[in-house]
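Ready to go hunting for empty space inside a protein? Have a look at the sequence and the structure, then try the exercises.

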Amino acid sequence: MNLINPLRIKNVDLIHLPENRLRFKFRATTNRDCDAVIKYWTENSKDTLYTDVSKGTSHHTLWIVNTTAPTNYNFQIIAFNNKQKALSKERSFKTMPIYHATPYFNLEYIDNAFKKEINNKFFLTQILTEPGSAVIIDDFGNIVWYEAFKKGVKVSHWTTEKTVLCILGAEKIPSSGGDEIIEIDLSGKVKNHLQVGKGDMDKMVHHEVRKDEQGNIYAITFDEKIFDLSSIGGSKQDTVHGDGIVVFNKDGHKIWEWSMLDHLDPLSDPEIMKRKKDWVHANSVFKQKDGNFLLSFRDLNQIWNIDYKTGRVIWKFGDKGNFEFAPSDHFSSQHSAHITQNNELMILDNGTKNGITRALAFQLDTTNQKAYTKLKISLPREYYTTVKGNVSLFNIDKVLFCVTDPRALFVTDMKGRILWKIQVDGDPYRVEEIHNFLYPKPDFDASRN
């Protein structure tokens with residue numbers, strides 16, 4: 001230990017960022033290379049939060065990215081190495097009210113017995129209208145992080161790298177579509193930015209953008225193809241608009257593409273002349289552990305399993321599909337098809353045929369082509385949502401919903417009893433529970449062993 005010249009923090013600067021009222025940038029210098037972190041807390045609170053750690057330098061940039069507005073905070077910078085720890089003076093800062101691109105989220109109800117379970121849970125959603133935003137809220141419905149954009153945020157997704165992936169697009173682009181894919185970290189730094197007309201992005205995307213385990217970005221695309229529809233009143237060179245899947249690698253290069261227009265004959269649809277501008281309407285895509293894609297088609301009431309290596313459609317699940325399942329569990333206009341941690345196929349059944357929105361999960365027997373219903377939650381008619389929305393498991397034994405028409409986010413138990421409800425003053429498309437949003441407290445003692 002250097003007792004003559006101990007580790008110390010030389011200066012601390014708070015850099016104001018007027019474009020974002022919940023994000024704060026700090027610069028700190030130390031008299032030698034070390035690690036540094038900020039701990040911060042609201043006034044009169046014992047709950048302490050931490051930033052990410054700046055490592056192995058004497059010039060530290062640290063970001064506070066989890067705050068609520070308007071709130072008074074205290075903070076202290078801690079510098080440390082394997083022998084010493086130095087503390088700055090305690091100082092304060094204040095968050096200001098948010099005015100733009102973020103709606104209000106109102107906690108309407110929480111079951112007392114559920115408060116502990118949902119404490120310190122965080123949720124990502126988005127605002128589709130212009131200007132748009134990606135928004136993270138806490139269990140009280142407080143906005144704790146946001147990123148505003150001039151365009152609407154058509155859909156957003158939380159990645160394992162603690163980044164937010166978005167489709168951006170003007171309101172005039174239909175079907176939750178956009179002409180940009182952007183990935184930002186919590187400090188607002190752009191990690192990836194794909195734009196139509198630049199590089200390999202030659203088509204607009206819509207409804208879904210995600211990352212796979214290799215870090216590739218995949219999305220649903222708009223596609224079109226020329227068909228001879230003269231036999232049904234069209235032209236010999238008629239354009240049919242459908243959907244596809246595209247995959248971009250980390251460098252933004254297109255590495256895979258697939259189109260449903262190569263797998264369906266428009267002449268098989270007696271209504272094709274009415275539907276040719278938006279045929280079958282894909283609305284979710286999910287890459288499975290085996291690398292194959294699940295693609296949901298709203299207008300077909302079907303989910304397809306697509307072979308990544310060959311592009312072959314392995315099976316179709318739903319109306320006129322390959323699986324036998326209970327007639328009462330047939331779905332219509334579904335969204336959010338994905339595989340749960342229980343290895344079940346889960347969907348939000350919008351239920352346009354009967355006016356009841358449901359969460360459904362199935363176990364698929366692909367050998368015998370039978371599907372067994374493992375979960376069915378029918379929502380009251382007041383929560384019926386004709387379009388958009390999603391559903392996912394929450395803590396294995398509960399379910400998280402986004403219903404767009406009623407503009408609500410909520411968690412239910414497996415019987416459909418609402419345990420937590422947020423009313424949204426906006427138009428959310430989806431909600432995701434996000435993990436690892438909070439930075440852990442560093443183990444200062446271990447660093448000095």
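What follows is a short set of exercises on the pocket and cavities of this predicted model.

**Exercise 1.** Work out how much space the largest pocket holds and what lines it.

*Solution.* Start with the volume: the largest pocket comes to about 1,600 Å³. Next, look at its walls, where 50 residues form the lining. Head for the centre and you'll find R210, F286, K287, H338 and I339 nearest to it. Now sort the lining by class, and you get 16 nonpolar, 20 polar and 14 charged residues.

**Exercise 2.** Find the strand that gives the largest share of that pocket's lining.

*Solution.* First list the elements that supply at least two lining residues each: β12 (152-158), β17 (205-211), β21 (282-287), β25 (335-339), β27 (358-365), β29 (390-394) and β33 (432-434). Then pick the top contributor, which is β29 with five residues.

**Exercise 3.** Count the cavities of 30 Å³ or more and describe the lining of each.

*Solution.* Searching the whole structure turns up two. Take the largest cavity, with about 40 Å³ of space. Around this cavity sit Y40, L49, Y50, V65, N66, F437, L438 and Y439. Its lining splits into seven nonpolar residues, one polar and no charged ones.

Now for the second largest cavity, at about 30 Å³. Its lining is made of D200, M201, D202, K203, V205, T221, V246, F248, K254 and E257. Two or more of these come from each of β19 (238-248) and β20 (254-259). By class, this lining has four nonpolar, one polar and five charged residues.

Methods. Residues are numbered from 1 along each chain as its sequence is written. This is a predicted model: local features need pLDDT of at least 70, side-chain atom pairs count only at pLDDT 80 or more; totals for chains, interfaces and linings use all residues. Side-chain values use heavy atoms; hydrogens and water are left out. On a 1 Å grid over the protein atoms alone, a cavity is a set of points where a 1.4 Å probe fits but cannot get out, and a pocket is an open set with protein on both sides within 12 Å along at least five of seven lines; lining residues have an atom within 4 Å of a point. Grid points are joined across faces, edges and corners, and a volume is the space filled by probe spheres set on the points. Helices (H or I, at least four residues) and strands (E, at least two) are DSSP runs, numbered from the N terminus. Ala, Val, Leu, Ile, Met, Phe, Trp, Tyr, Cys and Pro count as nonpolar, Asp, Glu, Lys and Arg as charged, and the others, Gly among them, as polar.
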